[in-house]
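Student: Please take a close look with me at one part of this model, beginning with the words I need, and then show me how the rest is arranged around it. I would like a slow, connected account.

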Amino acid sequence: MALRYSILDQSPVSEGSNPGEALKQTAMLAQKAEEWGYTRFWVSEHHDAATLAGSSPEILISHLGAVTKTIRLGSGGVMLPHYSSFKIAENFKLLEALYPGRIDAGVGRAPGGMPRASLALNEGRSRNVDRFPDQIDELSMYLNDAIPEEHMYHGMKATPLTDSAPTIWILGSSMSSALLAADKGMPYMFAHFINGEGGQDFTRTYRERFEPAEGTEPYVGFAIFAVCQATEEEAERVASSLDLALSMGAQGMPSKGTPPPDRALAYEYTKFEKLLVEENRRRMVVGTPEQVADRLETLAAEYQADEVMVVSMAYDFDDRLKTFELIAEEMKNRNHEMADNK
């Protein structure tokens with residue numbers, strides 16, 4: 001099976017722009033992703049984050065479904081420990097009713113924001129992340145209308161009633177998330193753009209430990225930052241904005257959004273910050289279409305991946321579009337060459 005390519009969009013806000021514009025760009029990108037042949041388009045959940053506009057993936061997915069026709073849509077992901085599994089099930093059942101066969105329910109246990117946001121989401125209480133495995137079981141139970149007779153909620157339905165159920169994905173950046181996905185017999189998306197080390201071991205263990213659930217098979221993807229432009233020089237120029245944004249974020253520095261390349265290139269990094277940028281480059285791939293495709297295919301082989309999910313941030317939206325367009329074109333050309341050589 002040919003390697004599949006998808007997109008995770010965080011609705012980034014560029015310096016001098018605003019969240020409304022960022023969300024419009026997310027919708028435009030979803031339409032282009034469908035046109036370019038990407039498999040799925042996911043949106044993220046971030047709270048109390050002025051530089052990322054996507055705080056409610058379910059609402060954004062509903063809008064994206066209305067402006068696209070065929071591409072799969074999903075959450076990358078819903079931070080389940082903040083919520084009732086029943087409420088999340090009803091949100092995704094409603095999306096499934098609106099867009100049958102196109103919805104993915106990607107879930108994770110990360111907070112999706114700073115501690116004060118977690119407290120606000122949980123009415124001042126600490127999140128109980130230990131319940132995450134049970135919450136996944138509950139979510140599956142509600143989505144598939146499979147509440148056991150002995151369960152206190154037997155007979156209850158997560159509505160609206162649908163003929164199909166969204167696919168649950170487990171998202172993570174650690175061995176524990178990989179083992180959880182294997183134990184539940186669910187597809188697994190590793191967040192390489194969050195943790196650039198160890199993922200290959202995690203996904204190998206996922207495949208080795210996978211327990212099929214109703215005929216399911218292991219399915220692995222990894223999500224990675226990418227900047228792809230026509231030349232190396234241009235790719236490095238565009239990537240400089242991401243370098244600075246990630247460095248500032250790691251240090252808790254105030255930000256007005258993704259900085260422009262001119263300011264990023266002129267920024268005088270300290271010795272520590274230079275090391276930080278170097279370390280962050282392990283979470284991304286930067287270069288020409290051929291360079292990016294070569295690196296992604298190499299990583300896919302290491303991950304034993306079925307799918308690559310591309311994440312991209314750029315100050316200029318046209319540069320972000322160009323990244324996804326060039327990657328799609330390169331992969332299409334490679335698939336044609338592979339087919340011709342058979």
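Tutor: Let us begin with how the elements get their names: helices, with at least four residues, and strands, with at least two, are DSSP runs, and they are numbered from the N terminus. The model you are looking at is a predicted one.

With those names in hand, we can take up the loop between α5 and β6, which is where D145 lies. D145 has a positive phi of about 50 degrees although it is not a glycine. To judge that, keep in mind that most residues other than glycine have a negative phi, and that most peptide bonds are trans. As for its surroundings, D145 counts as partly exposed because its relative accessibility is 40%, a value between the cut-offs of 20% and 50%. P160 belongs to the loop between α5 and β6 as well, and the peptide bond that leads from T159 to P160 is cis, with omega near 5 degrees.

Now step back from the loop to the helix α5, which covers residues 132-143 and contains Q135. Is Q135 buried or exposed? Q135 counts as buried because its relative accessibility is 4%, which has to be read against a limit of under 20%. A polar atom of the Q135 side chain lies 3.2 Å from the backbone oxygen of L80. If we set aside the neighbours within four places in sequence, the contacts of Q135 are with L80, P81, Y83 and S85.

On the other side of the loop is β6, residues 167-172, and both α5 and β6 are among the elements that give two or more residues to the lining of the second largest pocket. In that lining β6 has the largest share, with three residues. The second largest pocket has a volume of about 590 Å³, and 22 residues line it, with T167, I168, G185, P187 and T216 nearest to its centre. Sorted by class, these lining residues are 10 nonpolar, five polar and seven charged.

β6 also leads us to the largest pocket, which holds about 1,400 Å³ of space. Its lining is made of 48 residues, and the ones closest to its centre are Q10, H46, L52, G112 and I194. Together with β6, the strands β7 (188-191) and β8 (220-228) and the helix α8 (232-250) give two or more residues each to this lining, and α8 gives the most, with five residues. By class, the lining of the largest pocket has 24 nonpolar, 20 polar and four charged residues.

From the pockets we can turn to the nonpolar interior. The largest nonpolar core has 67 residues, and the members that touch the most others are Y38, F41, F92, F222 and I327. Helix α12, residues 317-341, supplies the largest share of this core, namely seven residues. A second core, separate from this one, has 22 residues, including W42, L171, V227 and M309.

To see the packing at F41, leave out residues up to four places away in sequence: among the residues that F41 touches are I7, D9, L29, L64 and I71. L29 itself is found in helix α1, residues 19-36, and it counts as buried because its relative accessibility is 0%. Beyond four places in sequence, L29 is in contact with I7, D9, F41, F317, R320, L321 and F324. I7 is 22 residues from L29 along the chain, and the C-alpha atoms of these two residues are separated by 9.3 Å.

Finally, let us set two other loops beside the one we started with. In the loop between α11 (289-303) and β10 (307-311) we find Q304, which has a positive phi of about 50 degrees although it is not a glycine. Q304 counts as partly exposed because its relative accessibility is 36%. In the loop between β3 (72-75) and β4 (78-79) we find G77, and the peptide bond from G76 to G77 is cis, with omega near 0 degrees.

Technical notes. Residues are numbered from 1 along each chain as its sequence is written. This is a predicted model: local features need pLDDT of at least 70, side-chain atom pairs count only at pLDDT 80 or more; totals for chains, interfaces and linings use all residues. Side-chain values use heavy atoms; hydrogens and water are left out. On a 1 Å grid over the protein atoms alone, a cavity is a set of points where a 1.4 Å probe fits but cannot get out, and a pocket is an open set with protein on both sides within 12 Å along at least five of seven lines; lining residues have an atom within 4 Å of a point. Grid points are joined across faces, edges and corners, and a volume is the space filled by probe spheres set on the points. Ala, Val, Leu, Ile, Met, Phe, Trp, Tyr, Cys and Pro count as nonpolar, Asp, Glu, Lys and Arg as charged, and the others, Gly among them, as polar. A nonpolar core is a set of buried Ala, Val, Leu, Ile, Met, Phe, Trp, Tyr and Cys residues joined through side-chain atoms within 4.5 Å. Buried means under 20% relative accessible area, exposed over 50%, partly exposed in between (1.4 Å probe, protein chains only). Contact means heavy atoms within 4.5 Å. A polar contact is a pair of N or O atoms within 3.5 Å; within protein, one must be able to donate a hydrogen and the other to accept it, and residues adjacent in sequence count only if both atoms are side-chain atoms.
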